[in-house]
Amino acid sequence: YQYMDEVIRNIPPGSDHLVCTPWMLGERCPVSSTTTRATLFNINMVHTREHLMRAVYEGIGYNLRWILENYKQDYGFTCDNFRIIGGGALDDGWMQIIADITGKHFAVVKDPRNAGAVGVAVVALIGLGELPGFEAAKDFVQIEKRYKPDPENKAIYDDLFEDYKNIYKSLEKAYIIANGRRFTGEEQ
């Protein structure tokens, strides 16, 4: 992760308007499609492999933002603070990109790769009567890093987020035509 952070450090937010849609195997959320596939949109001669790497990170951030937007629309409330677990949480650059794109605050727990095991241990301790309940879990979770959105990146990410959604909407039919028979077995 340190290497990846180094190589994208000099690429500006928005990857010089290169947008990646990260749908390698279709998508379930924020849209449901078996035919949708990843796209690199707006690539030109100034883009380097470092641009591509940052654009992939940003594409995942745009997808998360779209999911959060749908969540707000469907359920009527927002989530502004998140705790992150798993290996990706070890990547400082990516966590900052996600905070910037979503406009949300993220906290990474200590030893994020082991957070699932800690959760299972807490459940077992509750089941054994060693802990009074799930509220005691907070004693086992320590925050190691925090990421907050950088307001200087808001305008570019707001614009590119709209482009991101428009790419899907514009290519939805093309994805079905290109991949419908291959992935759904249906004639298009």
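This is a short tour of one protein chain, with a suggestion at each stop for what to select and what you'll find there. Keep in mind that you're looking at a predicted model.

**Stop 1: Ser33**

Start by selecting Ser33. You'll land in the loop that links strand E1 (19-21) to strand E2 (39-41). Is Ser33 buried or exposed? Its relative accessibility is 14%, so Ser33 counts as buried, since the cut-off for buried is under 20%.

Now show the side chain of Ser33 and look at what it reaches. One partner is the backbone nitrogen of Thr35, at 3.2 Å. Another is Thr36: the side chains of Ser33 and Thr36 share a polar contact of 2.6 Å. Which residues does Ser33 touch once you skip those up to four places away in sequence? Select Gly26, Glu27 and Tyr168 to see them.

**Stop 2: helix H5**

Tyr168 is your bridge to the next stop, as it is one of the buried residues of helix H5. Select residues 154-184 to light up H5, which has 31 residues. Try checking the distance between its end C-alpha atoms: they are only 38 Å apart, while a straight helix would reach 45 Å at 1.5 Å a residue. Then zoom in on Ala178, where a kink of about 50 degrees in H5 is centred.

Next, colour the buried residues of H5, among them Tyr157, Leu160, Phe161, Tyr164 and Asn179. What covers them? The cover includes E1 and E2, along with helix H2 (49-75) and helix H3 (92-102).

Before you leave the helix, click on Ile177, which also belongs to H5. Ile177 counts as exposed because its relative accessibility is 57%, and the cut-off for exposed is over 50%. For a look across the model, draw a line from the C-alpha atom of Ile177 to that of Asn114: the two are 43 Å apart, with their positions 63 residues apart along the chain.

**Stop 3: strand E4 and its partners**

Now select residues 105-109, which make up strand E4. Four of its five residues are buried, so E4 is largely enclosed by the rest of the structure. Follow the chain from E3 through H3 to E4, and you'll trace a right-handed β-α-β crossover.

E4 has a partner in strand E3 (residues 81-84), and the two pair in the parallel sense over four bridges. To see one of the pairings, select Asn81 together with His105, its bridge partner in E4. Then add strand E5 (residues 143-147): four bridges join it to E4, and here the strands run antiparallel. Val109 and its bridge partner Ile143 in E5 show you this side of the pairing.

**Stop 4: Ala89**

Finish with Ala89, in the loop between E3 and H3. Ala89 has a relative accessible area of 4%, so this residue is buried. Which residues is it in contact with, leaving aside neighbours within four places in sequence? Show Ile84, Met95, Val108 and Pro112 around Ala89. For a last distance, pick the C-alpha atoms of Ala89 and Val122: they are 33 residues apart along the chain and separated by 21 Å.

Technical notes:
Residues numbered from 1 in each chain as written. Predicted model: local features only at pLDDT ≥ 70, side-chain atom pairs only at ≥ 80, totals over all residues. Heavy atoms only, no water. Buried < 20%, exposed > 50% of the residue type's maximum accessible area, 1.4 Å probe, protein only. Polar contact = N/O pair within 3.5 Å; in protein donor to acceptor, adjacent residues only side chain to side chain. Contact = heavy atoms within 4.5 Å. Expected span 1.5 Å × (residues − 1). Bend = angle between axes of the 7 residues up to and from the residue. Pairing = 2+ DSSP bridges. Right-handed = clockwise from strand over helix to strand, strands pointing away.
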